[in-house]
Amino acid sequence: SPLEARIDSATLQDQDGDRITAEIDGDINGEDLTLEGWLAPASVLQHGGRLDHNLTLHAGAVTLVSSGTVAEITTLAEPDFSGHFTGPDIGKILADYSIPPMSQGAFDFKLDLATQDGWTVLDLDGDLGSMYIMANGRLDSLVKPDKGDVWLQLKGPDLEALGLALGVTGLVADPYEVTVDANLATGKLHFEEARLSTPSDHLDLTGDLTLSEGLPSSRLTVSLDSDELGRWAGLAGQPVLEFGAIDLDGVLQTDNSGELSIEAQANHFGSALGVKGGIGQIAGPYRPDLEVDFSSEHPSDLLKIFTQQDFPDFPLEIHGSFASNPEELRFRSVNITLDENSLLVDGHLNLAEQFAGSEFDLDLDIPDLFEFGRIWGTDGYPREPLRTRGRIEPQGKGLAFQLDDGNMGEVRLRVDGVIADLENPLGIDANFDVDLPGPAMINWLLPDIELPHGPITASGNLENLDDRTRLNSIRVQIGELIAKVDGEITYEFAYD
């Protein structure tokens, strides 16, 4: 609600430049308002310098008392100061000033600042109703300090409301406790302890921050335990989701040039993720170059959270290196294993020019095609192993591919070609060369045709012509039978 204030009378007296005395009466939001006291010297308001004061403010049942001295008001140097803020309900004050309801109830807030041996000594006993803040320590200066140590503890009923009051969205509406034990020296801020706790979450941080541009030569150790990480999705601007419990331990550090690196391990319901490597300058652009180790006994639920797609619930492992910059995404010896099936990937994806210049080398090993098909809900593949090496290269809307060494049991396969448009995957230009030991290997493709016995070889070229495919120099040999084919296959199809 808007703040409404009225001044009924005000008396200010300058006592020969030595001090100013004040008496003010009025009204604020329907409550009686009075201010009385003095400050000296009178010139401090215009020229700065030493300030002595003793002021008492009453606003209804709320009282604010401030008294003491500051050697230099512009820098708050050498303070000897006491403040006391009391009232029956902090919730009413928050509502009057349109501050989120982070606390309620009677409050009694005390702050003392004193100068001892060149230090500003802090003592804060902050009873703010259902929120409580306590702090003590010492600093060489209240403005841009260079050294000191501070201990602080903050407790409250609603972390979300506190975040909104500070301009932070996405926090959880749980009771919380924050503890910080830190010291400052020679341009470094050292956290002996920094902890945020809710009934379901614990975040701990220790280490050092170098207080200069880019935070060079800094190192922080982070530990996180959460019963439900998805409750915090709002911090990333995402809707709250069901993710499950997680525990994470890691180290963030920068070298002397400000290059950021990470080493972390996270665990989630039988899944584990390890990450190690460089990220880039803190100010950006980020250029992550990371070694990744991921394993999961039951990956389906986890992957569905990120992809909204169903995934087979078989053991999954991913090991390898990933590097990214604004121009490309690079894969180095990335080994993907699903159950007993593996795919090794090396290559890079050009993120500009419709992926022109991208290429991937692939090494696929499937011990049993029949079982592999069943993983994806498909029956009928032959009970044969499939092992192949090849290369793919994105080209415009399509894909160039080369299969150098493919074998399925005793079947040998060599193919190279181009799919002009992946939205029409049957539009293939390809050269192929296939060797089969006998018809049993393809009976699953042609169950209603009885083929003669003997080895089978096939070679030739397929040429895509939009609505048809041209067969060029096709040669098929089954035992002693040889067939040569040139012609066209016309087909109709539609894609939703």
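How much space lies in the second largest pocket? I opened the notebook with this point and found a volume of about 690 Å³ for the second largest pocket. I note at the outset that the model is predicted.

**Entry 1. The second largest pocket**

I looked up the lining next. The second largest pocket is lined by 34 residues, and those closest to its centre are L229, F243, I246, L248 and A266. I then asked which strand gives the most to this lining. Strand β16, residues 259-268, does so with five residues. As to character, I recorded 26 nonpolar residues, seven polar ones and one charged residue in the lining of the second largest pocket.

**Entry 2. W232**

I located W232 in the loop between β14 (219-226) and β15 (246-254). Is W232 buried or exposed? Its relative accessibility is 14%, and W232 therefore counts as buried, since the limit for buried is under 20%. I listed its contacts, leaving out residues up to four places away in sequence: W232 touches L159, G170, L171, V172, T198, D201 and S226. I also looked up the distance from W232 to T169. These two residues are 63 residues apart along the chain, and their C-alpha atoms are separated by 10.0 Å.

**Entry 3. S321**

I found S321 in strand β19, which covers residues 316-324. S321 has a relative accessibility of 14% and so counts as buried. With neighbours within four places in sequence left aside, I noted that S321 is in contact with L290, E291, R330, F331, R332 and V334. One of these contacts, F331, returns in the next entry as a member of a ring pair.

**Entry 4. Aromatic pairs**

I counted five aromatic pairs in the structure. How are the rings of F331 and F360 placed? Their centres are 5.5 Å apart and their planes stand at 65°, so I entered the pair as edge-to-face. The pair links distant parts of the chain, with F331 in strand β20 (residues 328-338) and F360 in strand β22, 29 residues apart. Both F331 and F360 are buried.

I then turned to F372 and W376. This aromatic pair is edge-to-face as well, with 6.3 Å from centre to centre and 65° between the planes. F372 is partly exposed at 22% relative accessibility, and W376 is partly exposed at 46%. I recorded further that ring pairs link F311, F372 and W376 into a cluster.

**Entry 5. Salt bridges**

The structure holds 21 salt bridges, by my record. I looked up three of them by partner.

The side chains of K92 and E31 meet in a salt bridge at 3.9 Å, N to O. This pair links distant parts of the chain: K92 belongs to helix α2 (residues 90-96) and E31 to strand β3 (residues 31-40), 61 residues apart. I noted relative accessibility of 38% for K92, which counts as partly exposed. E31 has a relative accessible area of 30% and is partly exposed.

Which residue forms a salt bridge with D365? The partner is R387, and the closest N and O atoms of the two are 3.2 Å apart. The pair links distant parts of the chain, D365 being in strand β22 (residues 359-366) and R387 in strand β23 (residues 386-395), 22 residues apart. Both partners were checked for exposure. D365 is partly exposed, at a relative accessible area of 25%, and R387 is partly exposed, at 37%.

My third salt bridge joins the side chains of D433 and R414, at 3.5 Å, N to O. D433 lies in strand β26 (residues 428-436) and R414 in strand β25 (residues 411-419), so the pair ties together parts that are 19 residues apart in sequence. D433 counts as partly exposed at 30% relative accessibility, and R414 counts as partly exposed at 32%.

Finally, I looked for shared partners. Salt bridges that share partners join E31, K92 and D96 into one network.

Note on methods. Residues are numbered from 1 along each chain as its sequence is written. This is a predicted model: local features need pLDDT of at least 70, side-chain atom pairs count only at pLDDT 80 or more; totals for chains, interfaces and linings use all residues. Side-chain values use heavy atoms; hydrogens and water are left out. On a 1 Å grid over the protein atoms alone, a cavity is a set of points where a 1.4 Å probe fits but cannot get out, and a pocket is an open set with protein on both sides within 12 Å along at least five of seven lines; lining residues have an atom within 4 Å of a point. Grid points are joined across faces, edges and corners, and a volume is the space filled by probe spheres set on the points. Helices (H or I, at least four residues) and strands (E, at least two) are DSSP runs, numbered from the N terminus. Ala, Val, Leu, Ile, Met, Phe, Trp, Tyr, Cys and Pro count as nonpolar, Asp, Glu, Lys and Arg as charged, and the others, Gly among them, as polar. Buried means under 20% relative accessible area, exposed over 50%, partly exposed in between (1.4 Å probe, protein chains only). Contact means heavy atoms within 4.5 Å. A salt bridge is a side-chain nitrogen of Lys or Arg within 4 Å of a carboxyl oxygen of Asp or Glu. Rings of Phe, Tyr and Trp (its six-membered ring) pair if their centres lie within 6.5 Å; planes under 30 degrees apart count as stacked, over 60 as edge-to-face and the rest as tilted.
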